[in-house]
Protein chains: 4
Amino acid sequence: MSNAHRVAMLGTGLIGDFYTMTLHGQRGLDRVQVVYSRSEERGAAFRERWGVPESTTSIEEAVGHPEVDTVVVGLPNHMHLEAVEAAAGAGKAVLVTKPLARSAAEARRILEVVEGAGVFGGYLEDLVYTPKTLKALAKTRSGAIGDVLWVRSRETHPGPHSAWFWDAGQAGGGAIVDLGCHCIEIVRSFAGKGNRPVEVMCWADTLVHPIEAEDNAIGLIRFESGAVGQFEVSWTFRGGMDLRDEVAGTEGTIWLNHFLRTGFEMFATGAGDGYVAEKAESATGWQFPVGDEVVELGYVDMFTDMFNAMEEGREPAETLYDGYVVNAVMDACYRSASTRGWAPVELDWRGGQTPRVGRPERTEDGLVVIKEEQLPDGRRKLILKDPGSGAFVDRVLG
Amino acid sequence: MSNAHRVAMLGTGLIGDFYTMTLHGQRGLDRVQVVYSRSEERGAAFRERWGVPESTTSIEEAVGHPEVDTVVVGLPNHMHLEAVEAAAGAGKAVLVTKPLARSAAEARRILEVVEGAGVFGGYLEDLVYTPKTLKALAKTRSGAIGDVLWVRSRETHPGPHSAWFWDAGQAGGGAIVDLGCHCIEIVRSFAGKGNRPVEVMCWADTLVHPIEAEDNAIGLIRFESGAVGQFEVSWTFRGGMDLRDEVAGTEGTIWLNHFLRTGFEMFATGAGDGYVAEKAESATGWQFPVGDEVVELGYVDMFTDMFNAMEEGREPAETLYDGYVVNAVMDACYRSASTRGWAPVELDWRGGQTPRVGRPERTEDGLVVIKEEQLPDGRRKLILKDPGSGAFVDRVLG
Amino acid sequence: MSNAHRVAMLGTGLIGDFYTMTLHGQRGLDRVQVVYSRSEERGAAFRERWGVPESTTSIEEAVGHPEVDTVVVGLPNHMHLEAVEAAAGAGKAVLVTKPLARSAAEARRILEVVEGAGVFGGYLEDLVYTPKTLKALAKTRSGAIGDVLWVRSRETHPGPHSAWFWDAGQAGGGAIVDLGCHCIEIVRSFAGKGNRPVEVMCWADTLVHPIEAEDNAIGLIRFESGAVGQFEVSWTFRGGMDLRDEVAGTEGTIWLNHFLRTGFEMFATGAGDGYVAEKAESATGWQFPVGDEVVELGYVDMFTDMFNAMEEGREPAETLYDGYVVNAVMDACYRSASTRGWAPVELDWRGGQTPRVGRPERTEDGLVVIKEEQLPDGRRKLILKDPGSGAFVDRVLG
Amino acid sequence: MSNAHRVAMLGTGLIGDFYTMTLHGQRGLDRVQVVYSRSEERGAAFRERWGVPESTTSIEEAVGHPEVDTVVVGLPNHMHLEAVEAAAGAGKAVLVTKPLARSAAEARRILEVVEGAGVFGGYLEDLVYTPKTLKALAKTRSGAIGDVLWVRSRETHPGPHSAWFWDAGQAGGGAIVDLGCHCIEIVRSFAGKGNRPVEVMCWADTLVHPIEAEDNAIGLIRFESGAVGQFEVSWTFRGGMDLRDEVAGTEGTIWLNHFLRTGFEMFATGAGDGYVAEKAESATGWQFPVGDEVVELGYVDMFTDMFNAMEEGREPAETLYDGYVVNAVMDACYRSASTRGWAPVELDWRGGQTPRVGRPERTEDGLVVIKEEQLPDGRRKLILKDPGSGAFVDRVLG
């Protein structure tokens, strides 16, 4: 039986809502005890909304609350370091929302603060924890799809909901920092956490919105094994939130769709009774809801892993070090976008080494088998290569 | 903050596993304290499997356990009444798996026992609680799809996993009792719980398996409002478990796919390392896993509602009375299959009355508007009916 | 190399358009030479629209045209018999749109006229000819899914586009006659054309539109083999045209989606330049177009089969006899809806006999094997039945 | 009414089969008159297979055949130039399979030969002609999705069927040349044929097969408008052939799936009667056939456009110049893969200029509107930017 945790929630924005909805949802042991907001009014509204006992406008007071053992940092990116310092200083476990920081240097500092204080740290990268992703990762790690060759992770929507996201100064960047951080960690999880991200190639542009930060970007990440990750992020996508991952292995394929096509399809004319009052454009026509968002987006499994890890004295699946690696990859992306070529990922690598992907070579009569296929008439056809001459030949077997 | 409940789990089969996996999963408050099995060995294995403190071969001992406040009945159908009597006799809340009983008469008896004892009763119909279904029901009840006209609920797979299911004596029937009970309650939930199921028409046959019970059935349920429900059940389906619901309303449509197409698609050659040992036929080719089964099948939200209802002194969304209605509909199905015509649903109706479905009639120049559509050139076309002559005419508007 | 055919097209409605778009589409040999319409104006417009050389308001003139060898009947249902009599009287091949007639008696008469005249006859049931259906039928007939147990065919949309469809007198019925005729022939094609439809059970109701004909119906068709067909038709569906077929066999499953989910998905805000002029409600939000409608709805393969059959001196896949059988099934549907029980399909059966579906029985140690499955640990589990006692037992094999 | 064309088919491989299946399929006017193969035996087999009157082992004889007006080049890439020279020399229309050549220089030479001879030339890029693509392009060009920002085209499968494809010398490259040529032209078609491809960034690697050519590649193409194309090609994909396109515009989204998810889904145990003889691994489990491959892959509409263009004295949608542009883009891809940076596309540009993508800027009280969204309570929220200070603010409107 687990111990009940008491949380200080820092931040009352969308992410604070999602986290608290998760913690207070279903029949959960753990509760938010106190919420911190810069604004007294927003803190009070949050308290009311989620049945949280206390609110405060002081980070120190929140993290120092005697019943609180865990601090959740759900603040804008530029406030993460300061909040982590406060929490670690108070000796509390500290869980930080994504991205960990605005740069690898800042992430590194956060890591040092937490490791220096000897408190538990976790990186709240929810999308690695979606139930589909967890099962797909388990399959991948069991070898079901062979060596991973390519991972695509895509997150696109029409843009974030709060002003600070759009300000590169506060956020540390645009769509890459907001959305790419998810994709990069998903890519890493499938390619292997111990598989070093060697270099990146990134295109970023501001195509639609009147901002300085990039509203569209595509990045390629080359791993030590030869595997390639690909992220696509956009703040200009139309049609909802597109959240898909694809993995290609030597022996199989995985496709995950987290949002727009999950088996829930609905058409509404908009003329239904209950809809007259809120006749939103988006409430008519074909719609694709998800069942339970906090489950499908990974929040439930994420907090379960975090609290269980604390109790079991182990690391969570997503550590602050992972957050640092993600920041290092993003830093390389911005460098690549600027130098217009591949940029090395500069980081203090704690993982090991990963061998090159591939399949064992097979020969037939001294010729290398390139491909074997079955013809419609049942015969087998080989495509062979003569290792001496380099010539390729077709051979149909009796 | 909720109170933690302690459960006596009666039964160690697949459903007992699913229930306990749910209760002990994530960061849950509630726990199974004691498990009952007819077999000491199975009880011990279950205790081990799920970290349950105690097991017993005595129902009385299980339900009478002083720390237990809730009894979950996960036994074969023919043992439900006896188990409920024991639990109610001990003054405990009693939650009964689906179907409630083998017949409406037996279900009625269960209802009387629980109501007589004044204890809390709940019907563990999980598929009404899937996150997708809950959201779709909320949309439907808000009027988003207008009046519900038709509901299809389909559950088919290659047949159940334990011998007793196949024995009509112990089970009370075949695929209708095993699977149709889910579909009927899903249909009722969309058509309206207060919408009386008036009569049913059912086809049932034993097409493949060498058994007496039906292995395939289709049923139509006519509701007081005119809406029609349709269930399709089969123990001979190939390709996995097909679990889909479709709802048609005057103003919209809902399609739910709970299992085979939920946004998780995987192909495996079977040659992956980890797969060599367990080279199951089903582990190769295209596969369609679900993320977290206990979430997607509704178990999590079901227990949340049950325990919250107990604490809030309200009825759960699925009551034992609902289970009784389902049994009454199934009884009518068997009568219909035998009489080869519509059979009335005989039940003690506690719901109210429901008006006929429809849309308000609209006229244009004294003619009834049958349909209005837009032509490719932008003009509007009306199909009209002269209420006097009964003649139909096309009219294109400027 | 085929001969080019010259066609007299009777009728200028939606179906005449689709037929001519097909014949004149791509690089086709065959052409419409003359079109007949009751209205000179509509005839002229049609001529213009499709590059047809001649139009006439006389059926006799159209069918008697010296260059015409084939008459296509694309008229309202109540005019089919008269048109067929004219075409057969002129000694021309006659191809009749669906449904063949308003009743089996009328269809019978059409059949006699054509067979009496000794001319080629074909039934223009396009949906049996969709490329997906043709391939699925070939797979089914090759045994790929074993014995067919169940076929569902669904066609629903918000209602037809011309006034006469809504008038039961001219049409011979409502949604059953308009849409059910397609579904019934699809069901027959999968269940086996030689598999006698023995009896039907049908529910029909007028739920939404202010008309006398049914706007919703569901029918079950029991075949001699024990297989069951199921059709669902509606003129009240919201969200487009839902056109799906599902087939369950002892060894496999087929799902076909012809319209709303065919791999073409599009979202539009409606603000695109080109859309300002035609700002139709249906042109915004998620949409699901089909690629080439005349291909996807089967028109291309249908006419290819018809003309090739003429040249090869064989019957087409869809004969006028098939149209008659469909009418006989629909007649039984209306009787069943009225008697509220199963109604026999009364017809002059030209097919043979079909054995009962099933799988060969298998025993193990004298016990009947009900089911065999693989446990997660790799062991095999049998569910067995003692043929003497009737008892069911589970047995796990080492 | 069109004229019938008589074709000399050069090549008897898979592509020659597909082309002839298309030309001789349905009720087509046009026929293959003579087939050329280097092997007398393969020529004879092809003649037999497709009912072609004549075969020859001389290209000169084939292209010079007096009844032939059109030459289709379906030979390995390194033979295209020679074949085009022969056909143009004979004064025949010449249609060349994809890719046009092994390099832009070779493609340029082909273009000059055809333009010099003044004969009709067409580029047989079938995937731009799929019915879905044609309709999606029409929608895009009508403005339905606004300005195109991003196009993804993906073609992956387990590798080609003939030895010469695997030999970079004969083919001119690996997966980029084999598959990327399709993707690049699809991308161009959506981004705008007149939208100059300015530069490319490409990753290519040989991850699995023991060959020199790349078996996996990803390319980004930056167009003059700012739009970015993305192609993904692989010869190592598992699970069939993955053929998908995605387009993002300022006002909409298009997703096309041409092969693995087109609305045809089938499961087979492999135990069906007809399957015993050909018990292929791929004939069991879930499968995703396409209806009519030559339609769905664009062959039918492609030849229709080619022959119609000849008759109408216009250019086809896919010209040899388009083939040259594709080769120029592919050349840049190989350069980029080698220089590890963006590489300019070097070509003789015949198109015009394309303005930058975007949406008109909108202000509110002198502040720039970044985003407008509707809150759940119906109020509208603006995210605004102060053009002076650069500060971002949230504003909720009453």
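Start by selecting Arg359(A), which is partly exposed, with a relative accessibility of 33%. In this tour, buried means under 20% relative accessible area, exposed means over 50%, and partly exposed is anything in between, all with a 1.4 Å probe and protein chains only.

Two notes before we move on. This is a predicted model, in which local features need pLDDT of at least 70 and side-chain atom pairs count only at pLDDT 80 or more, while totals for chains, interfaces and linings use all residues. Residues are numbered from 1 along each chain as its sequence is written, chains are lettered from A and ligands numbered from 1 in the order in which they are written, and side-chain values use heavy atoms, with hydrogens and water left out.

**Stop 1: Salt bridges**

Now add Glu251(A) to your selection; this residue is buried, at 10% relative accessibility. Arg359(A) and Glu251(A) form a salt bridge, with their closest N and O atoms 3.8 Å apart. The two partners are 108 residues apart: Arg359(A) is in the loop between strands E15 (343-344) and E16 (363-364) of chain A, and Glu251(A) is in the loop between strands E11 (242-249) and E12 (252-257) of that chain. For a salt bridge, a side-chain nitrogen of Lys or Arg must be within 4 Å of a carboxyl oxygen of Asp or Glu. Helices (H or I, at least four residues) and strands (E, at least two) are DSSP runs, numbered from the N terminus.

How many salt bridges does the structure hold over all chains? There are 150.

Switch to chain C and pick Glu318(C) with Lys193(C), a salt bridge whose closest N and O atoms are 3.0 Å apart. Glu318(C) lies in the loop between helices H10 (299-312) and H11 (320-339) of chain C, and Lys193(C) in the loop between H8 and strand E8 (197-205), so the pair ties together parts 125 residues apart in sequence. Glu318(C) is buried, at 0% relative accessibility, whereas Lys193(C) is partly exposed, at 22%.

In chain D, select Arg222(D) and Glu199(D), whose closest N and O atoms are 2.8 Å apart in another salt bridge. Arg222(D) is in strand E9 (residues 216-223) and Glu199(D) in strand E8 (residues 197-205) of chain D, so this pair joins parts 23 residues apart in sequence. Salt bridges that share partners also build a network with members from chains A and D, including Arg152(A), Glu232(A), Arg152(D) and Glu232(D).

**Stop 2: Aromatic rings**

Aromatic pairs number 46 over all chains. One of them, Phe18(D) with Tyr299(D), is stacked, at 5.2 Å centre to centre and 15° between the planes. Phe18(D) sits in helix H1 (residues 14-24) and Tyr299(D) in helix H10 (residues 299-312) of chain D, so the pair ties together parts 281 residues apart in sequence. Both Phe18(D) and Tyr299(D) are buried. The rings of Phe303(D) and Phe307(D) are also stacked, because their centres are 6.2 Å apart and their planes are at 20°. Rings of Phe, Tyr and Trp (its six-membered ring) pair if their centres lie within 6.5 Å; planes under 30 degrees apart count as stacked, over 60 as edge-to-face and the rest as tilted.

Phe303(D) and Phe307(D) are 4 residues apart in helix H10 of chain D, about one helical turn. An α-helix has 3.6 residues a turn, so residues three or four places apart point the same way.

Next, select Arg244(B) and Trp255(C): the charged end of Arg244(B) sits over the ring, 4.7 Å from its centre. Arg244(C) lies over the face of Trp255(B), at 4.7 Å from the ring centre. A charge sits over a ring if NZ of Lys or CZ of Arg is within 6 Å of the ring centre and within 35 degrees of the ring normal.

**Stop 3: A helix in chain B**

Is helix H10(B) largely enclosed or largely open? It is largely enclosed by the rest of the structure, because 12 of its 14 residues are buried. Among them are Tyr299(B), Phe303(B) and Met310(B). Just after the helix comes Gly313(B), with a positive phi near 65°.

**Stop 4: The nonpolar core**

Finish with Leu10(A) and Leu10(B), which touch the most other members of the largest nonpolar core, a set of 227 residues. A second, separate core has 226 residues, including Ile176(C) and Ile211(D). A nonpolar core is a set of buried Ala, Val, Leu, Ile, Met, Phe, Trp, Tyr and Cys residues joined through side-chain atoms within 4.5 Å.
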